[in-house]
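Trainee: Mind walking me through this model? I'd like to know the reasoning behind each label.

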Amino acid sequence: MYNLGDCPARDALYFTTHTDTAMDYSIESLSLDKLQSDCLLVGIYENQQLSPAATAIDGLCDGLISKLIARGDIKGKTAETLLINNLPIDNIQRLIVVGFGEHGKLTRKQFRKAMAATGKVLKDSKVKSATAALLDIDLAHADAQWLARQIVEVVGDGLYQYTSTKQCDDTVALQALSIHCTEANKALAEAGLQQGIAIAHGMALTKQLADLPGNICTPTYLAEQALVLAGQHENLSCDILEESDMAALGMGSFLSVSRGSRQPAKLICLEYKGSDADSKPIVIVGKGLTFDAGGISLKPGAGMDEMKYDMCGGASVLGILRAATMLNLKLNIVGLIPSSENLPDGDANKPGDIVTSMAGKTIEILNTDAEGRLILCDTLTYAAKYNPDVVIDMATLTGACIVALGRVPSGLFGNDDKLCNDLLNASETACDLLWRMPIWDEYAEQLKSNFADLANIGGPDGGSITAAVFLSKFTEKYRWAHLDIAGTAWRTGANKGATGRPVALLSQYLIDRATA
Ligand code: BES
Ligand code: MN
Ligand code: ZN
């Protein structure tokens with residue numbers, strides 16, 4: 001077992017995210033003619049329609065916004081923005097006018113798009129503190145709480161800067177964001193603000209860890225970060241199972257993967273106690289492969305660097321627990337992160353090798369690159385010891401999921417319709433999309449082996465499904481859902497970087513469960 005004293009310099013990187021150090025979020029209820037602001041954000045629609053806040057500012061500024069619209073400087077299309085650097089009033093220094101499209105037609109996704117554009121304007125400006133007067137935007141099925149939360153979450157997300165291993169000369173000026181509200185919607189705004197802050201911090205932690213390279217973010221490093229997180233919250237504790245502990249538990253499948261690496265594997269076990277001892281926990285599991293080279297079934301070289309992101313499920317467990325603890329959710333939550341590398345080595349798994357899982361099932365490893373299911377199956381067996389209410393795992397499990405769904409929704413699989421529907425509802429609210437896929441018996445044929453109880457691959461057809469079906473053979477004792485986040489956890493290409501998904505989705509699911 002680890003203790004905090006054993007991990008030198010562990011927290012230097014952890015505390016460097018922008019949302020962690022610099023941003024101060026608050027609620028502002030003074031009226032627009034009295035409040036002091038470095039920059040006010042107000043909304044307009046197409047066809048010269050101003051929001052109530054925009055109308056008020058227009059009145060205080062001799063029709064400035066109306067004039068700019070008449071001149072054609074801004075039309076009000078969704079996510080259009082106009083920064084005005086000087087105003088004829090003393091209490092507000094600057095204004096950002098944000099377009100929300102045709103009045104009455106705004107969707108939640110479009111609202112987020114407009115906030116992302118606004119966040120970008122703020123990031124690129126010299127504005128030090130901003131006040132968002134945007135709770136008056138007309139959006140069906142969205143109250144002040146949802147709006148406040150999304151403003152914080154989306155702007156916070158946009159301000160993220162990776163600085164751990166790179167010099168950064170243009171630091172963001174923005175240090176404070178307040179949400180303008182009225183006495184009537186103050187309570188909702190306050191609740192949304194707190195949710196937004198917690199989720200923004202959770203996502204920042206997830207992105208920070210995910211963006212780190214594999215030579216820094218090893219299984220040991222992830223375990224240290226979990227211990228640091230647990231040290232910050234009274235109700236959160238952390239135990240690290242070492243390879244010897246896992247051997248004693250019979251985790252032959254998990255340990256076969258880490259045998260090919262010089263970095264010792266860790267099974268990170270976090271427990272958050274926010275409810276009575278007899279309330280069954282929600283167990284969340286995240287794949288924590290800190291680098292996946294494929295093993296002896298080596299991956300091609302192009303784009304292999306992105307396999308540092310194969311620990312995004314595990315980083316999401318930490319981000320979700322961070323959000324849950326900041327919100328003091330009245331739930332018991334367990335977070336489990338199996339963490340290892342997958343590398344080729346003289347002692348690595350070979351195609352044809354047969355290992356025995358903790359559940360007693362033997363597995364023929366026909367492709368050593370299908371390692372995620374090998375570390376997850378033993379962790380899912382171990383999860384049963386917590387007598388879980390539900391178990392939800394998140395894994396960058398298959399390239400096939402990207403072929404099937406692209407990079408828009410995460411794939412959802414599960415053995416319980418209620419759990420799957422709850423997750424789909426949470427995904428709608430959080431705008432962190434999911435699409436359900438089948439795990440029918442017919443697919444299990446593809447996992448038959450002549451030499452073991454299961455093969456670890458199911459051939460080229462339906463690859464994300466056969467991976468989920470493999471996992472389902474280890475989750476029969478409880479209600480379970482699996483999220484394949486291979487296409488959603490990070491962006492590829494010029495804008496490469498972690499997205500922080502599905503932290504918002506799972507945080508929403510937990511908020512829903514805590515308030516049910
Ligand atoms: N971590 C990968 C899945 C992955 C690949 C995620 C590309 C995102 C982008 C996983 O361990 C893997 O290698 N899966 C194999 C499975 C195959 C061997 C059955 C894959 O998807 O190719
Ligand atoms: Mn792999
Ligand atoms: Zn992998």
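Trainee: Where is the place of proline 502?

Mentor: Proline 502 sits in the loop between strand 21 (497-498) and helix 15 (503-515). The peptide bond leading into it from arginine 501 is cis, with omega near 0°. As background, most peptide bonds are trans.

Trainee: How far can I trust the coordinates?

Mentor: Remember that this is a predicted model. The mean pLDDT of the protein chain is 95, and 96% of its residues reach 70 or more. Over residues 1-19, though, pLDDT stays under 50. The model still has 51 contacts beyond four places in sequence for that stretch. Where pLDDT is low, predicted coordinates should not be read in detail.

Trainee: What makes the site of the zinc ion (ligand 3) octahedral?

Mentor: Six donors count as octahedral if opposite ones are over 155 degrees apart and all others lie between 65 and 115. The six donor atoms here give angles of 78 to 175°, and the site is classed as octahedral. The donors come from Lys287 (NZ), Asp292 (OD), Asp310 (OD) and Glu371 (OE), at 2.0 to 2.4 Å. Along the chain their spacing reads K-x4-D-x17-D-x60-E.

Trainee: Which parts of the chain does the pair of lysine 287 and aspartate 310 link?

Mentor: Lysine 287 is in the loop between strand 10 (282-286) and strand 11 (288-292), while aspartate 310 is in the loop between strand 11 and helix 10 (312-326). They are 23 residues apart, and the pair links distant parts of the chain. Both lysine 287 and aspartate 310 are buried.

Trainee: Why is the arrangement around the manganese ion (ligand 2) called irregular?

Mentor: The six donor atoms there subtend angles of 70 to 166°, and that makes the arrangement irregular. An octahedral label needs opposite donors over 155 degrees apart and all others between 65 and 115, and anything else is irregular. The coordinating atoms are Asp292 (OD), Asp369 (O), Asp369 (OD) and Glu371 (OE), at 2.0 to 2.2 Å. In sequence, the donors follow D-x76-D-x1-E.

Trainee: Which residue coordinates both the manganese ion (ligand 2) and the zinc ion (ligand 3)?

Mentor: Aspartate 292 coordinates both, and the two ions are 3.2 Å apart.

Trainee: Is glutamate 371 buried or exposed?

Mentor: Buried means under 20% relative accessible area. Glutamate 371 has 1%, so it is buried. Aspartate 369 has 22%, so it counts as partly exposed.

Trainee: How many disulfides does the structure hold?

Mentor: Zero. Cysteine 238 has its nearest cysteine sulfur, that of cysteine 269, 7.5 Å away. A disulfide needs the two sulfurs within 2.5 Å, and cysteine 238 is in none.

Trainee: What makes cysteine 238 buried?

Mentor: Its relative accessible area is 15%, and the cut-off is under 20%. Cysteine 168 has 29%, so it is partly exposed.

Trainee: What is odd about the phi of glutamine 48?

Mentor: Glutamine 48 has a positive phi of about 60° although it is not a glycine. Most residues other than glycine have a negative phi. Glutamine 48 lies in the loop between strand 2 (40-45) and strand 3 (49-50). At 58% relative accessibility it counts as exposed, since the cut-off for that is over 50%.

Trainee: And where does histidine 141 lie?

Mentor: Histidine 141 lies in the loop between strand 6 (129-132) and helix 5 (144-159). Its phi is also positive, at about 60°, although histidine 141 is not a glycine. With a relative accessible area of 73%, histidine 141 is exposed.

Trainee: How do you know that strand 9 is mostly covered?

Mentor: Six of the eight residues in strand 9 (residues 266-273) are buried. Strand 8 (residues 236-241) pairs with strand 9 in the antiparallel sense over six bridges, with serine 237 opposite glutamate 271. Strand 12 (residues 332-342) also runs antiparallel to strand 9, joined by eight bridges. There, lysine 266 has serine 339 as its bridge partner.

Trainee: What makes strand 13 and strand 18 edge strands?

Mentor: Three strands form an open sheet in the order 13-14-18, with mixed pairing. Strand 13 (353-356) and strand 18 (454-455) each pair on one side only, so they count as the edges. Strand 14 (residues 362-365) runs parallel to strand 18, and two bridges join them. Isoleucine 363 has leucine 454 as its bridge partner in strand 18.

How values were computed
Residues are numbered from 1 along each chain as its sequence is written. Chains are lettered from A and ligands numbered from 1 in the order in which they are written. This is a predicted model: local features need pLDDT of at least 70, side-chain atom pairs count only at pLDDT 80 or more; totals for chains, interfaces and linings use all residues. Side-chain values use heavy atoms; hydrogens and water are left out. pLDDT is the predictor's confidence in each residue, from 0 to 100. Contact means heavy atoms within 4.5 Å. Helices (H or I, at least four residues) and strands (E, at least two) are DSSP runs, numbered from the N terminus. Buried means under 20% relative accessible area, exposed over 50%, partly exposed in between (1.4 Å probe, protein chains only). Donors are N, O and S atoms within 2.8 Å of the metal (3.2 Å for Na, K and Ca); water is not among the atoms, so sites may look incomplete. Four donors count as tetrahedral if all angles lie between 85 and 135 degrees; four count as square planar and six as octahedral if opposite donors are over 155 degrees apart and all others between 65 and 115; anything else is irregular.
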